[in-house]
Every structure is written in structure tokens, then in C-alpha cells.
Number of protein chains: 2
Amino acid sequence: MGKVDYNLLWGEAARAGRGRPPGLSRERIVAEAVAIADAEGLQKVSMKHLAERLGSGVMSLYRHVPGKDELVVLMYDSLMAGPLPLPEADHWRDVLRHWGLGVRDLFIAHPWALTVATSERTMGPGEAGWVDAVLGRLSAVGLPAELGLIAVLTVDCFALGAVRPEIGSAGGDTDFFQFLADPAARARFPDLARLVAPGSASGASMEDYFEFGLDRVLDGLERFIESRH
Amino acid sequence: MGKVDYNLLWGEAARAGRGRPPGLSRERIVAEAVAIADAEGLQKVSMKHLAERLGSGVMSLYRHVPGKDELVVLMYDSLMAGPLPLPEADHWRDVLRHWGLGVRDLFIAHPWALTVATSERTMGPGEAGWVDAVLGRLSAVGLPAELGLIAVLTVDCFALGAVRPEIGSAGGDTDFFQFLADPAARARFPDLARLVAPGSASGASMEDYFEFGLDRVLDGLERFIESRH
DNA sequence: GCTAATTAGCGTACCTCATACGCCAAATTG
DNA sequence: CAATTTGGCGTATGAGGTACGCTAATTAGC
């Protein structure tokens, strides 16, 4: 929600010298919060609930995390610090395709993360390293740095936008295209209805659509990159 | 946050016959909430604040809106019910390009909307009509319906993802790439640093980047569509 | 070992916010 | 002018975030 201190993400971790040794740690808190969000949703991540899980008092958390908003930001950046979807491919297009699908998998595995990603925020070290790793790989397979950067951002933007209708549909709780179940709505928006028609569950076809769009984006990038050679 | 009733968005508005005439209306409430969110941010939209603006009691709002979550959904859908960025172009590519830029403008004008767009939700009538209008225009300029649908969704997905770094940068409060102000960070992520380098403010270059990516997406769609003729 | 300094854990109190409930007011229908 | 219906809203409740300050545990210096 509110503003989050830049130093929270990028600042040095002040080392502890003397004094009482910590039982909690920022890492443990963030990891547990992510576990709760994955299992029960982001709105179930309350300081109270989190403290119970960790077997500590509520206010103890504030020794390691400035507040709730900051915790959410840390949760998000911790995702990006994990393993990267980088294949052993030797063509930039394969690298980017694999990476785009990996981004999709990440946001489907952590549905709460998409909301965080699209909130007003600052890029953290995890995310920066994430992007940096892909740029490095693209560079290794011969794509010039300036082309790699725009290619990665384009694919990333598409993936972020395109994964949206898939989230929620998976759980079955909230279907993004629920209104199309009504025949009257299908009659009013016949073109939209076609999207969901093939596999009535709508979940399966969305994945196909994601790949289709991704391939179109890669086509567009390919045309541009080839014109530069 | 929570689940929102499907009927809230798509249900018929029950007409009032007798009884006390309403002083408030759902439309007024939603419009005022949007005004607050635009001016002060979504987190400042509280039932209390909203009621003060409307000169009514807090609980009066609940006669017209089931709750806060539902209000936010209605706010979002009301944006989509507004005027559409549809040009008088006679080529599908121009239509989609103009539309993509219009989507970008919309989310920059209403920064809070992006978070709502990417939350778990159901498509409402405003948004469905929005998509439907573009499909109709594309159809009118000769693009087959099935191609129009995937083209619109692809462009929409890209626009949604790509506008993200621009939000917040505009206000100057929270810069998405704030960490690149630090020379050490620029040294660590030189490729990323290049993105912001040209216009040090980073805002101007992001718009150029949006258009670049959009054109790549359109290129990819063009290749696919031409291969179908 | 003793004391001072330092840092962690956490109970209490407070504030904000959404909202269930119920009463009253204002209009229509007969 | 009742009876009915619908809207406005005050009060109370409960959840959630967090400022404050006390206590506990540990180390550094003596």
C-alpha cells in the first residue's frame, strides 16, 4: 500500500556484534509469510497469524521487518532471488521462450505475487539479479546487450500481462470469464465466447493462448533483430 | 481482496418502485471513489472518507454497495465503461496501435487501476464491452474475428505489463529504477543501467520503450496474420 | 565475575477500518 | 390514514497494524 523505504531492499544488513542473539530472522519471517500466502492467499498474511506460525509474539516481528508493507515487498523480492528458468539453449529465442514460460510458472505458483508486481514499488536486488542473469545468458549466446535488454523487457511485460487471466481460473473459485457461462452473455459477446469455447473449462485454452502470444512477441523481436544484422 | 459476487457486476439493477427515494446512488458513490483514488491513491478510499465526501453517513453506502471489495471492482469496471481509444483508421494495425497507447494512457491516469486489473477477479460488463468494441472495429477493417481476438488480447497483455514501470515514476515519489541512481548498482548491473541512461529522469525513455515494445508485438502479429492470407 | 552497554522478545494500549444490527424517516399503495 | 417498502444512519464489534516501554539475554571492558 504505502511507500516503502529504498534502503529496506538495497541497504546493507547490519551485522550483529554483541547483545542478545536473535531467535527470529528476516529470512525465516519472509519465508513463512510466503508459505502462508501461497497456501491461503495474501490477505491471510497478518502479523498475528504469522507470529503464531513462527511461535513468537506479534511485536517481535518488528525487530526484523519495519512493517507489513515492507514485508510484502520483501516477500516478492525473495521470489526473484530463487532459481532462474534458464535453459541450456544456444539461440536467444529459445532462451527467451523458456524464460517467458518460467515467469508464467512463477506467477501461477505464487498467485499473490502478481498484485505485488503491479503495485507502485521499487525494483529490488532479487529482481535486478533475475533480469541480469537473463541478460548475461543472452549475451553469451551472441545477442548484443542493448538488444537483449529490450527483448527481455518486452517478453517480461507480455508474460506479466498474459498470466493474469490464468490466475484464479486454476483454483476454480473465481473464473475470469465466468460471465461467459451465461448464454445471454455469449450471445452478446460472441467473439469473446469463442475464446473459451474449445475447452469449456477455459483453463487449458488459456495456456495455449499464452504460448501463442509469446511466440508472436518473439516473432516481432526476431524481425527487428534480424534487420539489425 | 476477497471474493466478489458475480451478480454484483452482471446482475440486473433492481428498479425502485415505492419507498423512500434514494439520495445516494451507486453511480455517485463509485464516481466519487474513483475521484479519491485518482487524487490520493486507492488506500485512501475508506468508507469513512468516502461518506464524508458524499455528505452522508458511513453505513448509508452499504445500501448501494455490498462492501468495500465490491466497490473496488465496480470502480474498475466503471473505468472501462468510459470512452474508448478507437481511431478512424482503416488498417487493423493502426487501430491496435492506437488502442494499445490508449490503454497505457488509461492506466497512467488511474494508477490504482493496475493493481485491481491484476487481482483475482471476474471480467465485468464494462471491460467486456471495451474488448467487444475493439473487436467490432477490427472486424470492420477486415480482420477476421478469430484473428482479432487473439490480436487484441496479445496487445492488451503487453500494454498491461509494460505500463507497470511507468506508474509511480511519473509522480516522482517512487521510482521503479531508483536503485540505479547509485553508481555501485549501475556498476553491478551495467545492462540495466543502460535503460535509464539516455534521459536520466527515466520517465521519458520509458514511454519510448513502451512504443518500441508495442511495435514489436504488432510486427509479430503482422507476420502471423499475413501468413494466414 | 561484575557492571554497563547492546540488542532481542513481547505485552499492553491505541488507532483505523470494515461492517452487522437495528431503529427511524420518507415515500407509495390501498 | 394505515400498512408497506425502501433509504439513511448511529452504535457496537472485531480484526488488524503498530508505538511504546519493559524485560531478558548476551557481550565488552574492568
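Is A:Met59 buried or exposed? A:Met59 is exposed, because its relative accessible area is 59%, where exposed means over 50%, buried under 20% and partly exposed in between, with a 1.4 Å probe and protein chains only. This is a predicted model, in which local features need pLDDT of at least 70 and side-chain atom pairs count only at pLDDT 80 or more, while totals for chains, interfaces and linings use all residues. Residues are numbered from 1 along each chain as its sequence is written, chains are lettered from A and ligands numbered from 1 in the order written, and side-chain values use heavy atoms, with hydrogens and water left out.

On to DNA strand C. Around it are 26 residues, the closest being A:Gly23, A:Met59, A:Arg63, A:His64 and B:Lys68; a residue counts as near if one of its heavy atoms lies within 4 Å. Of the strand C atoms that come within 4 Å of the protein, 61% belong to sugar and phosphate. Phosphate oxygens of strand C lie 3.0 Å from a polar backbone atom of A:Gly57, 3.0 Å from a polar side-chain atom of A:Ser60 and 3.1 Å from one of B:Tyr62.

Now DNA strand D. Here 25 residues surround the strand, and A:Lys68, B:Gly23, B:Met59, B:Arg63 and B:His64 come nearest. Sugar and phosphate make up 58% of the strand D atoms within 4 Å of the protein. A polar side-chain atom of B:His64 is 2.7 Å from a phosphate oxygen of strand D, and for a side-chain N or O atom of A:Tyr62 the distance to a phosphate oxygen is 2.9 Å.

Technical notes
A polar contact is a pair of N or O atoms within 3.5 Å; within protein, one must be able to donate a hydrogen and the other to accept it, and residues adjacent in sequence count only if both atoms are side-chain atoms.
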